[in-house]
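Work through the following exercises with the sequence and the model at hand. Each task is followed by a stepwise solution.

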Amino acid sequence: MTPKQRKFCDEYIKTGNATQSAINAGYSQKTAKSIGAENLTKPDLKKYIDSKLKDISNNAIATAEETLAILTKIVRGEHTEQATTAEGDTIEKRPDTNQIIRASAEILKRYPLAQDINIKGNLKVSNPFENLTEEELRILASRDEG
């Protein structure tokens, strides 16, 4: 990759506009549109752009673990935010009950309670009395009554 191509890629990452990126990288305005489109088809340039965009995305977007950690801090009352009082003072405010409930609900969406889990499929239940005769069942029932 030439320095001009790298500059094009870096500009494209910033703007998302191939023509303007080509102009900013030093290509002529006359050929910028075709050069910009051509550069986006070159495998090494595309790989570079995709790699940089992935790095940006990985750093910019919170992971599931980070999100759950923040929600957990809210539920535990460990997360504070700054609030301004009526007098104009700035204070650290803990989450209120509604915020705790909402954070708890978000966590539970990811970790459902046992009674919320539906089991689908064939479930075999053994019956310890299935091979007994009617007479044997009556005898057992009469023992329980006495």
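**Exercise 1: a surface patch**

Phe129, Leu132 and Leu137 make a nonpolar surface patch of about 240 Å². The model is predicted: local features need pLDDT of at least 70 and side-chain atom pairs pLDDT 80 or more, while totals for chains, interfaces and linings use all residues. Residues are numbered from 1 along each chain as its sequence is written, and side-chain values use heavy atoms, without hydrogens and water.

Task: state where Leu132 lies and classify its accessibility.

Solution.
1. A patch takes residues with over 30% relative accessible area and no salt bridge (a side-chain nitrogen of Lys or Arg within 4 Å of a carboxyl oxygen of Asp or Glu). Nonpolar side chains (Val, Leu, Ile, Met, Phe, Trp, Tyr) are joined within 5 Å, like charges within 9 Å. Areas come from the Shrake-Rupley method with a 1.4 Å probe, and for residues only the protein chains shown count as cover.
2. Leu132 is in the loop between helix H6 (97–110) and helix H7 (134–145); helices (H or I, at least four residues) and strands (E, at least two) are DSSP runs numbered from the N terminus.
3. Leu132 counts as partly exposed because its relative accessibility is 31%; buried means under 20%, exposed over 50%, and partly exposed in between.

**Exercise 2: the core and Asn39**

Task: list the residues of the largest nonpolar core and name the helices that each supply at least two of them. Then place Asn39.

Solution.
1. A nonpolar core is a set of buried Ala, Val, Leu, Ile, Met, Phe, Trp, Tyr and Cys residues joined through side-chain atoms within 4.5 Å.
2. The largest has 11 residues: Phe8, Cys9, Ala18, Ala22, Ala25, Tyr27, Ala32, Ile35, Leu45, Tyr48 and Ile49.
3. At least two residues of this core come from each of helix H1 (3–15), helix H2 (18–25), H3 and helix H4 (43–60).
4. Asn39 belongs to helix H3 (residues 32–39) and is buried because its relative accessibility is 2%.
5. Beyond four places in sequence, Asn39 contacts (heavy atoms within 4.5 Å) Gln5, Phe8, Tyr27 and Leu45.

**Exercise 3: Glu78 and the hairpin**

Task: locate Glu78, give its contacts and describe how E1 pairs with E2.

Solution.
1. Glu78 lies in the loop between helix H5 (64–75) and strand E1 (81–84).
2. Leaving out residues up to four places away in sequence, Glu78 touches Lys73 and Arg94.
3. The C-alpha atoms of Glu78 and Arg94 are 7.3 Å apart, with 16 residues separating the two along the chain.
4. E1 and strand E2 (residues 90–93) run antiparallel, joined by 4 bridges; pairing requires at least two DSSP bridges.
5. Thr84 has Thr90 in E2 as its bridge partner.
6. The hairpin of E1 and E2 has 5 residues between the strands, and Gly88 there takes a positive phi near 95°.

Conventions
Buried means under 20% relative accessible area, exposed over 50%, partly exposed in between (1.4 Å probe, protein chains only).
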